[in-house]
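Here's a quick walk through one protein model, written for someone at the bench. Have a look at the sequence and the structure first, then read on.

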Amino acid sequence: MPAAPAPAPTPRGTPPATPRRPVRPVRPVRPVRPVHPVHPVREKAFLYVIVRNLGFGGGTNSSGPHMLLIGHKQRNDRCQWGVPGGFKDGTDPHSMYTAVREFLEEMGINSRPSPRDVANAMRKMVSHGNLATVVPTNRAGFSAYGAVFDTALEFERTMGLTNM
């Protein structure tokens with residue numbers, strides 16, 4: 001059997017072809033800390049109802065824009081004023097739907113509006129007023145919409161809040 005060829009001599013001062021790395025001791029693996037689950041953002045949508053004028057005659061026809069506020073009764077029997085709105089339900093297809101559904105519930109128009117009720121209300125707001133996005137849904141899950149009507153009376157008639 002022939003002998004294996006001898007390695008070629010290396011000139012003085014040149015490193016060998018494959019340098020050797022020092023062997024490091026193996027460190028024990030630390031357990032990974034559990035990562036807290038990221039809680040999904042719960043979307044909230046609000047509907048700002050604006051009337052250009054009160055529209056009941058006299059000086060109210062040029063009284064300037066007004067915003068609808070509703071009173072929310074708190075646990076301490078105090079009232080906190082705000083705009084209609086709330087959290088998105090699992091059945092809400094989009095945030096504008098949420099805003100209009102919450103509006104119908106909080107205004108007492110319909111305590112449990114069906115999808116048809118919400119769609120009809122949205123259609124009324126678009127045809128008689130102007131339903132538009134004010135704040136698109138942001139990272140905090142907040143979105144806002146505006147419904148603008150010429151007069152408060154037009155708003156009340158459109159939404160079926162008065163017999164006048």
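Leaving aside neighbours within four places in sequence, which residues is Glu102 in contact with?

## Before we start

This is a predicted model, so to read it fairly: local features need pLDDT of at least 70, side-chain atom pairs count only at pLDDT 80 or more, and totals for chains, interfaces and linings use all residues. Residues are numbered from 1 along each chain as its sequence is written, and side-chain values use heavy atoms, with hydrogens and water left out.

## Two buried residues in helix α1

Back to Glu102: its contacts (heavy atoms within 4.5 Å) beyond those sequence neighbours are Gly85, Gly86 and Phe87. Glu102 sits in helix α1, residues 95–106; helices here are DSSP runs of H or I with at least four residues, strands are E runs of at least two, and both are numbered from the N terminus. Glu102 counts as buried because its relative accessibility is 10% (buried is under 20% relative accessible area, exposed over 50%, partly exposed in between, with a 1.4 Å probe and protein chains only).

Val100 is in helix α1 too, and with a relative accessible area of 0% it's buried. Not counting residues up to four places away in sequence, Val100 touches Val118, Ala121, Met122, Met125 and Leu131. The C-alpha atoms of Val100 and Ala119 are 8.7 Å apart, with their positions 19 residues apart along the chain.

## Rings and a charge

Search the whole structure and you'll find three aromatic pairs. Ring pairs tie Phe103, Phe149 and Phe155 into a cluster. For the rule: rings of Phe, Tyr and Trp (its six-membered ring) pair if their centres lie within 6.5 Å, and planes under 30 degrees apart are stacked, over 60 edge-to-face, the rest tilted.

Phe87, one of the Glu102 contacts, has company as well: the charged end of Arg42 sits over its ring, 4.3 Å from the centre. That label calls for NZ of Lys or CZ of Arg within 6 Å of the ring centre and within 35 degrees of the ring normal.

## Out on the surface

Buried or exposed: which is Trp81? Trp81 is exposed, as its relative accessible area is 58%, and its place is in strand β4, residues 79–82.

Asp77 is in the loop between β3 (70–73) and β4. Asp77 counts as exposed because its relative accessibility is 58%. Asp77 isn't a glycine, yet it has a positive phi of about 65°.
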